[in-house]
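These are my notebook entries on a single structure. I set down what I looked up, residue by residue and feature by feature.

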Amino acid sequence: MDLRERFRDLWARLGAKGNPDEVFADLVKRYSEPHRFYHNLDHWEFGLSQFGLLADLASLPDLVEFAYGFHDSIYIIGARDNEEQSAELALEVAQRIGLGQIEQTKIADLILVTKHDKYPSTIDQEIIVDIDLAILGQESFVFDDYEREVRAEYASVDEATFWKIRKGILQGFLDRSRIYFTDRFQARYTLQAKENLLRTISSH
């Protein structure tokens, strides 16, 4: 996948003003920060590949794609407001490139729902949540690589503390009424996701 060309195409569809390459270069710089072992360009690209499985369900697919590109644009280890900061950056860019107030609000809401602390309220929010969590339902070796990469991002945290917090997060996904909100991903990934989550929790 050529992320740059895809971003340029998205820019054109949105009718955005200014130079897409400048915005893209800034996002690449952010996603390439040295402390990112999982929340990096691969994560962005993987999410877009998963979006391809759901895009036909979206009411505003271009806004979902734009929001996903910014959803981890700010990623500070241990910070509790990464999503809020990412939404602020997206809003600054959206305003600068001429997107309307309604579009700006929808983009911010889409990014904030990837905090995974509340249930999505629109189909587009369901989609962005599901593509962000698609990694949970991948084959075991892919999921295990994901867990190792997340652990690497938190290398400064001791093992006991990390796994106490991490197991709580993973258990939280199991405790939800459903891991995925679109019927398509619920059918496609739920069984594997539960297997991955249970195996990881029980092994630590």
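**Entry 1: H43**

I looked up H43 and found a relative accessibility of 3%, so H43 counts as buried, the cut-off for buried being under 20%. I note here that the model is a predicted one. H43 belongs to helix α3, which covers residues 41–51.

I then asked which residues H43 is in contact with, leaving aside its neighbours within four places in sequence. I found Y38, Y68, H71, D72 and D132. With H71, I also recorded a polar contact from side chain to side chain, at 3.2 Å.

**Entry 2: Aromatic pairs**

How many aromatic pairs does the structure hold? I counted 14. One of them joins F7 and F24, with 5.7 Å from centre to centre and 40° between the planes, and I entered this pair as tilted. The two residues are 17 apart in the chain, and the pair links distant parts of it: F7 sits in helix α1 (residues 3–14) and F24 in helix α2 (residues 20–31).

Are these two rings buried or exposed? I read a relative accessible area of 6% for F7, which is therefore buried. F24 also counts as buried, because its relative accessibility is 6%.

I turned next to F66 and F70, whose ring centres are 4.8 Å apart with the planes at 35°, so this pair is tilted as well. Both residues lie in helix α4 (residues 61–70), and because they are four residues apart, about one helical turn separates them. I noted F66 as buried, and F70 likewise.

I also followed the ring pairs from residue to residue. They link F7, W11, F24, Y31 and W44 into a cluster.

**Entry 3: Arginines over rings**

I looked for arginines placed over the face of a ring. R36 lies over the face of Y31, 5.0 Å from the ring centre. R151 has such a position over F162, at 4.4 Å from the ring centre.

**Entry 4: R176**

Where is R176 placed? I found R176 in the loop between α9 (159–175) and α10 (183–202). R176 counts as buried because its relative accessibility is 13%.

Not counting residues up to four places away in sequence, R176 touches Y119, L133 and F181. For Y119 I noted the separation from R176: 57 residues in sequence, and 9.6 Å in space from C-alpha to C-alpha. A polar atom of the R176 side chain lies 2.6 Å from the backbone oxygen of I179.

**Entry 5: T190**

I moved on to T190, which is placed in helix α10. Its relative accessible area is 8%, and T190 is therefore buried. Setting aside residues up to four places away in sequence, I found that T190 touches Y180 and F185.

**Entry 6: The largest pocket**

I ended with empty space. Rolling a probe the size of a water molecule over the atoms shows where such space is left. The largest pocket holds about 970 Å³. I listed 28 residues lining this pocket, and the closest to its centre are Y75, E83, Y154, R166 and I169.

Which helix supplies the largest share of the lining? I found that α9 does, with six residues. At least two lining residues come from each of α5 (82–96), α8 (140–153) and α9.

Key
Residues are numbered from 1 along each chain as its sequence is written. This is a predicted model: local features need pLDDT of at least 70, side-chain atom pairs count only at pLDDT 80 or more; totals for chains, interfaces and linings use all residues. Side-chain values use heavy atoms; hydrogens and water are left out. Buried means under 20% relative accessible area, exposed over 50%, partly exposed in between (1.4 Å probe, protein chains only). Contact means heavy atoms within 4.5 Å. A polar contact is a pair of N or O atoms within 3.5 Å; within protein, one must be able to donate a hydrogen and the other to accept it, and residues adjacent in sequence count only if both atoms are side-chain atoms. Rings of Phe, Tyr and Trp (its six-membered ring) pair if their centres lie within 6.5 Å; planes under 30 degrees apart count as stacked, over 60 as edge-to-face and the rest as tilted. A charge sits over a ring if NZ of Lys or CZ of Arg is within 6 Å of the ring centre and within 35 degrees of the ring normal. On a 1 Å grid over the protein atoms alone, a cavity is a set of points where a 1.4 Å probe fits but cannot get out, and a pocket is an open set with protein on both sides within 12 Å along at least five of seven lines; lining residues have an atom within 4 Å of a point. Grid points are joined across faces, edges and corners, and a volume is the space filled by probe spheres set on the points.
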